[in-house]
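Here is a quick walk through one protein model, from its sheet to its core and its annotated positions. Have the structure open while you read.

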Amino acid sequence: DTGVPAHLPLAGRTVTISAGGTREPLDPVRFLGNRSSGKQGVALAAAARDAGAAVRLVAAHMEVPAPAGVELIAVETALQLREVMLAAAADSDVVIMAAAVADFRPAEVSGSKIKKRDDTADPVITLVRNPDILHELVAVRDSAGSSQLVVGFAAETGDELGDVLSYAEAKLKRKGCDLLVVNHVGADKVFGQDHNSVVILSRAGSEPQSASGSKQDVAAIVIDRIGSELSRVFP
Ligand code: CTP
Ligand code: CA
């Protein structure tokens, strides 16, 4: 008996969740962004709250409001998200990276609006790589020797070089997170949609767990799985 009420599997736990899509500025009025709506991260935050956790939602750009009863920290860029997540992870039992993090950012941000000019060539945007926040969170957790649970999300389409599951298995290994929740993305799938179909892969090597339904259904299943992983670590 863990002393945790069955309906509140995350009672006494602190869960930090990133959500939404980062925006990488080009100049004061323009940015490079992505189509993440924030819906899945918001659904996870609500599900973790309903499971009894103290929830911190680190929100990049979202098209939906944050749920009530969670602590909200707003960020814009990948570098800001990294800083907030590393700080927030320090006292978290569970860290979930549901945000769509820009892989690259403009190498230079213009301090003033970029203007069209007829006397110079059109601009070329040079990009530099953003840090891999999930990978860093795992590294920090491992070097602290903590039993924190780190969960990643991945959207894969598959291509001529590999199918969705083989890419996802490789990504799980590369990231080193405990669980990876994989979305199968097509041109009209997942981004901004209310329906979702995922496979949950585990580093410990248990069978892939499939789940589908609304983003709320998927969130409840992921939070449930996190609850059972935690009770394995602290039986
Ligand atoms: N992620 C992260 N930091 C990044 C990029 C991604 O923390 N700079 C996290 C995402 O929040 C997600 C997981 O890593 O939880 C997988 O993101 P994904 O974009 O699928 O992985 P990448 O390593 O960026 O691989 P890809 O080249 O397929 O985009
Ligand atoms: Ca990426």
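What follows covers the sheet, the helices on it, the nonpolar core and the binding-site entries.

Keep in mind that this is a predicted model. Start with the sheet: eight strands form an open sheet in the order 5-4-1-6-9-10-11-12, with mixed pairing. Its edges are strand 5 (71-74) and strand 12 (209-214), each of which pairs on one side only. From one strand to the next, the twist averages 20 degrees.

Now look at strand 6 (residues 94-97) and strand 9 (residues 149-156), a parallel pair joined over four bridges. One residue to pick out here is Val95, whose bridge partner in strand 9 is Val150.

Two helices lie across these strands, and the table sets them side by side.

| Helix | Lies across | Angle |
|---|---|---|
| Helix 3 | strand 6 and strand 9 | about 160 degrees to strand 9 |
| Helix 5 (residues 215-233) | strand 6, strand 9, strand 10 (179-184), strand 11 (195-202) and strand 12 | about 145 degrees to strand 12 |

Helix 2 (residues 78-89) is worth a check of its own. Its 12 residues should span 16 Å at 1.5 Å a residue, and that agrees with the model because the end C-alpha atoms are 16 Å apart. The buried residues of helix 2 are Ala78, Leu81, Arg82, Val84, Met85, Ala88 and Ala89.

Leu81 turns up again in the largest nonpolar core, which has 63 residues. Ile17, Leu44, Ala45, Ala48 and Leu81 have the most contacts inside that core. Leaving out residues up to four places away in sequence, Ile17 touches Gly41, Leu44, Ala45, Ala48, Val55, Leu57, Val58, Ile96 and Ala98. In soluble globular proteins, nonpolar side chains tend to be buried together.

Which positions does UniProt list for "binding site"? The unreviewed entry gives Asp103, Lys113, Pro131, Asp132, Ile133, Leu134, Phe153, Lys171 and Lys175. They span 73 residues in sequence and the farthest two C-alpha atoms are 38.0 Å apart, so they do not all gather at one spot.

Two of the listed positions make a nice contrast. Asp132 sits in the loop between strand 8 (127-129) and helix 3 (133-144), and it counts as partly exposed because it has 17 C-beta neighbours inside 10 Å. Leu134 is in helix 3, and with 26 C-beta neighbours inside 10 Å, Leu134 counts as buried. Beyond residues up to four places away in sequence, Leu134 touches Met97, Gly152, Lys175 and Cys177.

Terms used. Residues numbered from 1 in each chain as written. Chains lettered and ligands numbered in written order. Predicted model: local features only at pLDDT ≥ 70, side-chain atom pairs only at ≥ 80, totals over all residues. Core = buried A, V, L, I, M, F, W, Y, C linked by C-beta atoms within 7 Å. Buried ≥ 20, exposed ≤ 12 C-beta atoms within 10 Å, placed from the backbone. Contact = placed C-beta atoms within 7 Å. UniProt positions renumbered as here; feature names shortened; annotations may be inferred. Helix = DSSP H or I, 4+ residues; strand = E, 2+ residues; numbered from the N terminus. Expected span 1.5 Å × (residues − 1). Pairing = 2+ DSSP bridges. Axes fitted to C-alpha atoms, helices over the stretch in contact; angles between N-to-C directions.
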